[in-house]
Amino acid sequence: MAQLNIRNLTVKFATATGSFTAVDGIDLHVDPGEVLAIVGESGSGKSVSMLAVMGLLPDTATVTADEMTYDGRDLLRMSRSQRRKLIGREITMIFQEPIASLNPSFTAGFQIEEVLRLNLGMSRKQARARALELFTAVGIPQPEEKLKSYPHQMSGGQSQRVMIAMAIASNPRLLIADEPTTALDVTIQKQILDLLMKLQEDYGMALILITHDMGVVAETADRVVVQYKGRKMEEADVLSLFESPKSAYTRALLSALPEHATGDRLPTVSEMFLREDAE
Amino acid sequence: MSDAKDIAVVEGRALVQDYHVPGSLFTGGKQVRALKGIDFSVAQGKTLAIVGESGSGKSTLARIIALIDPPSEGELLIDGQPIDITRRRPGPDMRSKVQMVFQNPYGSLNPRQKVGDVLMEPLVINTRTPAAERRERAEAMLQKVGLQPEHFNRYPHMFSGGQRQRIAIARALMLNPRLLVLDEPVSALDLSVQAQVLNLLADLQDEFELTYVFVSHDLSVVRYIADDVMVLSKGEAVEQGSREALFADPQHPYTKALFAATPVTDLDAIRARVQRRREARERQAV
């Protein structure tokens, strides 16, 4: 059975000028222990569909789906309290801006211990010990010192490690990472991706990686969903996607990679295709 | 005619930049050396790419080259002429020669200024071009960068990120500069838009024989656009050379680390990784 199964997900936002459809009938599933990459450019709805799963969308959003189940349990008809037991424990999420995701007024240690006490009912003492364990697991140097540090005293890469430590604190079965390395330098990006992949294998959790970067997809994913303007363009295992992309949009995206430039000019995702598709 | 070609459009000699970091009430401030003696020169029509990670000093160097900040030590020459902006403010002539395009087209355009005014402002400040001609040149420039003359009276918020970056490039070109300093001009843009803007920059360089200093953290973009590359790390140029040489055979360990960390979409690499994953999973299943 799929860990997460979504059929015909649509998300609409009420705006001043009428309703705007951000996600338009997306089907999506991720199996236990699988790494699924959702790729798209801005406006593709790649983040919105996962925020819908997490229940993190604002009130202006209307979420409809034929099915949205986690481990066979219906996320749409679940009560708020039931949902809160899942979200943050079995399903966790990390975001693009690690420094903005942490509260600047509290130490990193306090914030992770808070998660452990509230979500897992640990005592202060247990939480302190587990926090140290987690900081070590995500490769934070001098973990004891860093528990006492405030977010501004840490680099972007370290902050993202803290966020990952929080996200894996409850041994989740599904981790959703929304552009986890976009704000980071390439050498740090490499470290964070390696860490995510290692944790994913060690813990056997499913990982959904939202990204715009084809290179990141190539180095992490088992399976890939390509989205464009709220619709799914293509779904394939990672090798087939790069070897023989089926949709014109994927082909255009791949050929726009500067590393694929053969002559003087880069092929662009042609205006023609964009118009065709918008209709 | 040989002299014009032989003199570098921009040259830096032992450029150093110190920043003063203020201390708190009880501890004194300290000096941070952001650039530790940088040498380079770029010939007309060529592109020098400056590559580095955050904190490498690449934007500090860009600001010195664009005549925004003076260096603490060292010498900057534009067209063979030494420039010291602390002693004498550069006049309109010098300002016209060097223009800059910034990373974030959402922050670098005034939201209350119409596109036409954005483009005409450099002419108003630096030249005595009559109003009618200013308008004419602005409209022509809009077309050069792939926008329409009817965009003249619109505001920046009515444009997408890629279109805004085109506007920023158009503004930089209004004074017919010789040198364009581009600080991460495509990093805020989507892949498909990035390709369009890179193509535009290549076309404009051919047409106007522009010289580019292109600051970037993205090696695949650098490989596409640069003639020469300088790799900066912690304020030092750890490696400098032609694009071909640098990409074919990187020498410095830092350059090698950068290459190793850059994700690639190489099919063999994907195949090998998929195979490793499958084996790991089979081991677990046993």
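Colleague: Two residues are in contact if their C-beta atoms, placed from the backbone, lie within 7 Å. Among contacts in chain B between residues at least 6 apart in sequence, what percentage join residues at least 24 apart?

Modeller: This is a predicted model, in which local features need pLDDT of at least 70 and side-chain atom pairs count only at pLDDT 80 or more, while totals for chains, interfaces and linings use all residues. Residues are numbered from 1 along each chain as its sequence is written, and chains are lettered from A and ligands numbered from 1 in the order in which they are written. Of the chain B contacts between residues at least 6 apart, the share joining residues at least 24 apart is 66%.

Colleague: What percentage of chain B counts as buried?

Modeller: A residue is buried if 20 or more other C-beta atoms lie within 10 Å of its own, exposed if 12 or fewer, and partly exposed in between, with C-beta atoms placed from the backbone. Chain B has 286 residues, and its buried share is 38%.

Colleague: Which helix gives the largest share of the largest nonpolar core?

Modeller: A nonpolar core is a set of buried Ala, Val, Leu, Ile, Met, Phe, Trp, Tyr and Cys residues joined through C-beta atoms within 7 Å. The largest one has 153 residues, and A:Ile112, A:Ala165, B:Val181 and B:Val213 touch the most other members. Helices (H or I, at least four residues) and strands (E, at least two) are DSSP runs, numbered from the N terminus. The largest share of this core, 7 residues, belongs to residues 156–168 of chain A, helix α7.

Colleague: Which strands of the open sheet in chain A stand at its edges?

Modeller: Two strands pair if DSSP finds at least two bridges between them. The sheet has 6 strands in the order β7-β8-β9-β3-β10-β11, with mixed pairing. Each edge strand has a single partner, so one side of each is left without a neighbour in the sheet; these are β7 (91–94) and β11 (231–237).

Colleague: Which residue of β10(A) is the bridge partner of A:Ile38?

Modeller: Strands β3 (residues 35–39) and β10 (residues 223–228) of chain A run parallel and are joined by 4 bridges. In β10(A), the partner of A:Ile38 is A:Val225.

Colleague: How many charged residues are on the side of chain A that touches chain B?

Modeller: The contact takes 32 residues from chain A and 29 from chain B. On the chain A side, α8 (186–203), α9 (214–220), α10 (238–243) and α11 (248–255) each give two or more residues. Asp, Glu, Lys and Arg count as charged, Ala, Val, Leu, Ile, Met, Phe, Trp, Tyr, Cys and Pro as nonpolar, and the others, Gly among them, as polar. By class, that side has 15 nonpolar and 6 polar residues, and the charged ones number 11.
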